[in-house]
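I sat down with this one to see how its strands and helices fit together. These are my notes, in the order I looked things up.

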Amino acid sequence: MFEGRVSAGAAVGPSAAAGKGGKLSVEELYGFTKKPKVNRGDSGKPDKGEAKKDTKEKEESALASQILEAARRLMERRRLVIYLKECGVTMEQSHMTYRNLGKSGLRVSCLGLGTWVTFGSQISDEMAESVMTVAYDSGVNLFDTAEVYASGRAETTLGNILKKKGWRRSSYVVTTKIYWGGQAETERGLSRKHIIEGLRGSLSRLQLDYVDIVFANRSDLNAPMEEVVRAMTFVIDQGLAMYWGTSRWNAVEIMEAYSIARQFNLVPPVCEQAEYHYFQRDKVELHLPELYHKIGVGAMTWSPLACGLLTGKYNEGVPESSRAAMKGYAWLKERLCSDEGKKQLSKIKDLHLLASRLNCTPAQLAIAWCLRSEGVSSVLLGVSNTEQLLENLGSIRVLSQLTPPLVTEMDVLLGNKPRNSKKEARS
């Protein structure tokens with residue numbers, strides 16, 4: 001299941017001790033480091049016998065390349081098995097599960113891969129490819145991006161990787177978001193002009209004919225709702241997208257879009273992207289379930305680890321390599337240092353003890369907690385390396401351990417369970 005790739009010069013393990021640093025690369029291990037010698041005649045030109053020899057050498061070189069690729073995959077698989085074993089996760093335990101996107105017929109992996117902050121910015125293109133390869137081989141079929149991420153570079157990186165890998169287009173789901181496309185007044189917002197032109201720009205960077213879902217990346221007070229719904233219907237009718245959804249819209253705005261779509265026989269939104277974690281609960285737990293039951297809108301949630309806060313990396317301060325230390329993320333550092341942030345860190349330490357009881361990591365517990373919520377179709381992960389990805393994928397096995405009594409215990413620790421005033425009034 002885990003078929004990844006390692007760099008040509010990567011060490012393959014302690015069993016290959018030799019050469020520099022006591023380790024051999026995959027090429028050295030299989031003896032593919034030397035180029036075959038070509039004998040020339042006195043005139044410097046190859047004779048007929050040499051031509052046949054060249055053909056044979058090319059065939060041998062092609063075969064060697066195939067063997068090398070198989071060796072790389074084998075070594076990567078062994079490395080992943082060892083890492084998973086250290087994390088207490090077996091290959092069988094990390095099987096992906098799939099859910100419908102809202103009440104649509106689209107099946108998406110319960111864990112998706114996001115590109116915010118990482119692709120085209122925080123991590124190299126090589127690491128991005130490794131992360132995507134492990135994700136895809138692990139059953140992740142949902143890849144999310146946006147025109148604004150790294151000023152379009154995230155879409156470019158994602159598109160380059162998809163083209164290089166050559167996966168069947170029908171085997172994965174790509175989503176992008178439209179709102180902030182450029183500096184000009186007409187290059188942002190949800191006007192018909194920008195929705196259509198912005199999506200075409202995204203498709204060009206992604207090198208795709210269509211995206212599966214296009215999201216409106218926030219609501220736009222300057223654009224009439226009917227114009228937004230008609231534009232989204234148009235791009236779907238034109239084959240530029242399969243579905244459309246909303247991101248960071250409130251329940252009233254989503255309901256308005258749905259009502260207009262039904263009134264004018266247009267395409268309604270199928271999903272809302274919302275922030276969701278221990279300390280951001282009201283929207284996903286109170287408002288979206290009602291929309292899910294009434295009009296079939298599902299939830300695709302992001303930031304399950306609250307920008308790394310829930311992993312415990314900020315318990316002793318702000319590490320230099322963390323997101324809070326990056327340029328443009330002063331707001332995160334300020335939030336961590338605030339009185340509310342300090343209270344949250346205290347609660348996180350208690351939740352870490354609970355994770356230890358369940359024999360899982362704090363990150364796995366936090367992601368599984370998001371997956372347990374009604375109406376959540378998929379949780380988007382943001383990772384900077386394959387080790388983080390594999391750890392996060394292990395949250396699937398933790399989900400079955402979140403019994404009602406355990407969830408209640410977590411609610412008591414957090415002390416912020418949303419209260420439905422309508423239900424309380426009825427009772």
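The entries below go from the overall counts to the barrel, then to two helix pairs and two single residues.

**Entry 1: overall counts**

I am working with a predicted model, so I keep that in mind throughout. I started with the secondary structure and got 16 helices and 10 strands. Next I checked burial across the protein: of its 427 residues, 50% are buried. Then I turned to contacts between residues at least 6 apart in sequence, and found that 75% of them join residues at least 24 apart.

**Entry 2: the barrel**

How many strands does the closed barrel have, and in what order do they run? I count 8 strands, in the order S3-S4-S5-S6-S7-S8-S9-S10, and the pairing is parallel. From one strand to the next, I get an average twist of 30°. A reminder to myself: pairing between strands of a sheet goes through backbone hydrogen bonds.

**Entry 3: around S8**

I picked S8, residues 271-275, and looked at what lies on either side. S7 (residues 241-247) pairs with S8 in the parallel sense, and I find 2 bridges there. With S9 (residues 298-302), S8 also pairs in parallel, over 5 bridges.

Glu-272 was handy for tracing both pairings. Thr-246 stands opposite Glu-272, and in S9 the bridge partner of Glu-272 is Ala-299.

Is S8 enclosed or open? I find 4 of its 5 residues buried, so S8 is largely enclosed by the rest of the structure.

**Entry 4: where the barrel closes**

I moved on to S10, residues 376-381, which is mostly covered, with 6 of its 6 residues buried. S9 pairs with S10 in the parallel sense through 3 bridges. One pair I noted is Thr-301 with its bridge partner Val-379 in S10.

Which strand does S10 meet besides S9? S3 (residues 111-114) runs parallel to S10 and is joined to it by 3 bridges. Here Gly-112 stands opposite Leu-380. The closed barrel order I wrote down starts at S3 and finishes at S10, and the S3 to S10 bridges are what I wanted to see for that.

**Entry 5: H4 against H5**

Helices next. H4 covers residues 125-137 and H5 covers residues 153-165; they pack at about 60°, with axes 10 Å apart. That angle makes H4 oblique to H5. The crossing, as H4 passes H5, is right-handed.

I listed who touches whom. On the H4 side I have Asp-125, Ala-128, Glu-129, Met-132 and Thr-133, and on the H5 side Thr-157, Leu-158, Ile-161, Leu-162, Lys-164 and Lys-165. Sorted by class, the contact has 5 nonpolar, 2 polar and 4 charged residues.

**Entry 6: Met-132**

I wanted a closer look at one residue of that contact, and chose Met-132 in H4. Buried or exposed? Met-132 is buried, at a relative accessible area of 0%.

Leaving out neighbours within four places in sequence, I find Met-132 in contact with Leu-113, Phe-119, Phe-143, Leu-158, Ile-161, Leu-162 and Trp-167. Leu-158, Ile-161 and Leu-162 are also on my H5 list from the previous entry. For Ile-161 I took the C-alpha distance to Met-132: 8.0 Å, with their positions 29 residues apart in sequence.

**Entry 7: H6 against H7**

How do H6 (residues 192-206) and H7 (residues 225-237) pack? I get an angle of about 30° and axes 9 Å apart. The cut-off for roughly parallel is under 35 degrees, and H6 and H7 are therefore roughly parallel to each other. H6 passes H7 in a right-handed crossing.

From H6 the contact takes in Arg-192, Ile-195, Ile-196 and Leu-199; from H7 it takes in Glu-227, Val-228, Arg-230, Ala-231, Met-232, Phe-234 and Val-235. By class, I have 8 nonpolar and 3 charged residues in the contact of H6 with H7, and no polar ones.

**Entry 8: Glu-253**

Last, a charged residue. Glu-253 sits in H8, which spans residues 251-263. I checked its burial, and Glu-253 counts as buried because its relative accessible area is 15%, where the limit is under 20%.

What does Glu-253 touch, beyond residues up to four places away in sequence? I find Ser-219 and Met-225. Met-225 is 28 residues from Glu-253 along the chain, and their C-alpha atoms are separated by 8.5 Å.

Note on methods: Residues numbered from 1 in each chain as written. Predicted model: local features only at pLDDT ≥ 70, side-chain atom pairs only at ≥ 80, totals over all residues. Heavy atoms only, no water. Axes fitted to C-alpha atoms, helices over the stretch in contact; angles between N-to-C directions. Parallel < 35°, antiparallel > 145°, perpendicular 65-115°, else oblique. Left-handed = near helix turned anticlockwise from the far one by under 90°. Contact = heavy atoms within 4.5 Å. Nonpolar A, V, L, I, M, F, W, Y, C, P; charged D, E, K, R; others polar. Pairing = 2+ DSSP bridges. Buried < 20%, exposed > 50% of the residue type's maximum accessible area, 1.4 Å probe, protein only.
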